[in-house]
Amino acid sequence: MRAIPITLAALAAALLLTACDSGTDSGNKDSGSKNADLPACRIGELEVQVGPANAAPAAGDTGNVPVTLTNQGAQCTLEGFPDITLSAGGSTATVPEDRTAKPEKLTLAKGGTASFTLTYVRGEEGDAKSLPATSLKLGLPGTTGSQDHKWSYGPVQGKKDAGDPDASVTALQQAGD
């Protein structure tokens, strides 16, 4: 008589484990295919916070400006590097990418955050090789449109001239939890 309850218990346990395992595999495949179909995040649906910065205090010093993006819209994806242009009047300079880390594909749910850091060398006021930047223009990979933000961290040193900034921007990365 005891053999039947043990056999039933073993059979029930095996079925339970099989059901859990199957559900887990299917769940991963479904979420992956859903994420592949998500649109790229659009700048107009993100709250953008520039700074607070570790600003370069004097010419020749290096500063870091963190930028945090919080999704206010539907779930979306980000992958790659932001497009950053610094401006001063009619002069502009595109900030190159820091290719030391490979970009990852990020999925941002509503309220999710991503970030990147702009690193720059402060230039000298009035120096022809420095861009006296007053604004930062931000665009996202895979979309059109941009946003302008105030640049209050001083002039940016140029490598060859003011249009070739001694600066770089990191890849977009997950922020927060």
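Which residue stands opposite Ser135 in strand 9? In this predicted model, the residue opposite Ser135 is Ser87, and the report returns to that pair below, after an outline of the whole chain.

## Overall make-up

The protein has one helix and 13 strands. Read from the N terminus on, the order of elements is α-β-β-β-β-β-β-β-β-β-β-β-β-β, with the helix at the head of the series and the strands following.

Of the 177 residues in the protein, 36% are buried. Among contacts between residues at least 6 apart in sequence, 76% join residues that are at least 24 apart.

## The nonpolar core

The largest nonpolar core holds 33 residues, and the members that touch the most others are Leu69, Leu78, Tyr120 and Trp151. Two or more residues of this core come from each of strand 1 (46–50), strand 2 (62–71), strand 3 (76–78), strand 4 (83–88), strand 6 (106–108), strand 7 (113–121), strand 9 (135–139) and strand 12 (167–169). Strand 7 gives the largest share, with four residues.

## Strand 7 and its partners

How many of the nine residues of strand 7 are buried? Seven of them are, so strand 7 is largely enclosed by the rest of the structure. Strand 7 runs antiparallel to strand 2, and nine bridges join the two; within this strand pairing, Val65 stands opposite Leu118 of strand 7.

Strand 7 also pairs with strand 12 in the antiparallel sense, over three bridges, and here Leu118 has Val169 of strand 12 opposite to it. Leu118 therefore appears in two of the bridges described here, facing Val65 and facing Val169 in strand 12. A further antiparallel pairing, again over three bridges, links strand 7 with strand 13, which spans residues 173–175, and in that pairing Ala114 has Gln174 of strand 13 as its bridge partner.

## Tyr120

Tyr120, named above among the core members that touch the most others, has its place in strand 7. Is this residue buried or exposed? The relative accessibility of Tyr120 is 0%, so Tyr120 counts as buried, the cut-off being under 20%.

Leaving aside neighbours up to four places away in sequence, Tyr120 touches Ala55, Ala56, Asp61, Thr62, Gly63, Asn64, Val65, Trp151, Tyr153, Val156, Asp166 and Ala167. Trp151, one of these contacts, is also one of the core members that touch the most others. The C-alpha atoms of Tyr120 and Val169 are separated by 8.8 Å, although the two residues are 49 apart along the chain.

## Strand 9 and Ser135

Four of the five residues of strand 9 are buried, so strand 9, too, is largely enclosed by the rest of the structure. Strand 9 pairs with strand 4 in the antiparallel sense over five bridges, and the opening pair, Ser87 and Ser135, belongs to the description of strand 9. Strand 9 pairs with strand 10 (residues 147–150) as well, in the antiparallel sense and over four bridges, with His149 of strand 10 as the bridge partner of Leu136.

Ser135 itself lies in strand 9. With a relative accessible area of 18%, Ser135 falls under the 20% cut-off, and therefore Ser135 is buried. Beyond residues up to four places away in sequence, Ser135 touches Thr85, Leu86, Ser87, His149, Lys150 and Trp151. Ser87 is thus both a contact of Ser135 and the residue that stands opposite Ser135.

## A cis peptide bond

The peptide bond from Gly51 to Pro52 is cis, with omega near 5 degrees. Most peptide bonds, by contrast, are trans. Pro52 has its place in the loop between strand 1 and strand 2.

## The largest pocket

The largest pocket has a volume of about 160 Å³. Its lining is made up of 13 residues, and those nearest its centre are Ala101, Thr170, Ala171, Leu172 and Gln173. By residue type, the lining divides into five nonpolar, five polar and three charged residues. Gln173, one of the residues nearest the pocket centre, falls within the residue range of strand 13, which is 173–175.

Terms used: Residues numbered from 1 in each chain as written. Predicted model: local features only at pLDDT ≥ 70, side-chain atom pairs only at ≥ 80, totals over all residues. Heavy atoms only, no water. Core = buried A, V, L, I, M, F, W, Y, C linked by side-chain atoms within 4.5 Å. Buried < 20%, exposed > 50% of the residue type's maximum accessible area, 1.4 Å probe, protein only. Contact = heavy atoms within 4.5 Å. 1 Å grid on protein atoms, 1.4 Å probe; cavity = no way out; pocket = protein on both sides within 12 Å on 5 of 7 lines; lining within 4 Å. Points joined across faces, edges and corners; volume = space filled by probe spheres on them. Nonpolar A, V, L, I, M, F, W, Y, C, P; charged D, E, K, R; others polar. Pairing = 2+ DSSP bridges.
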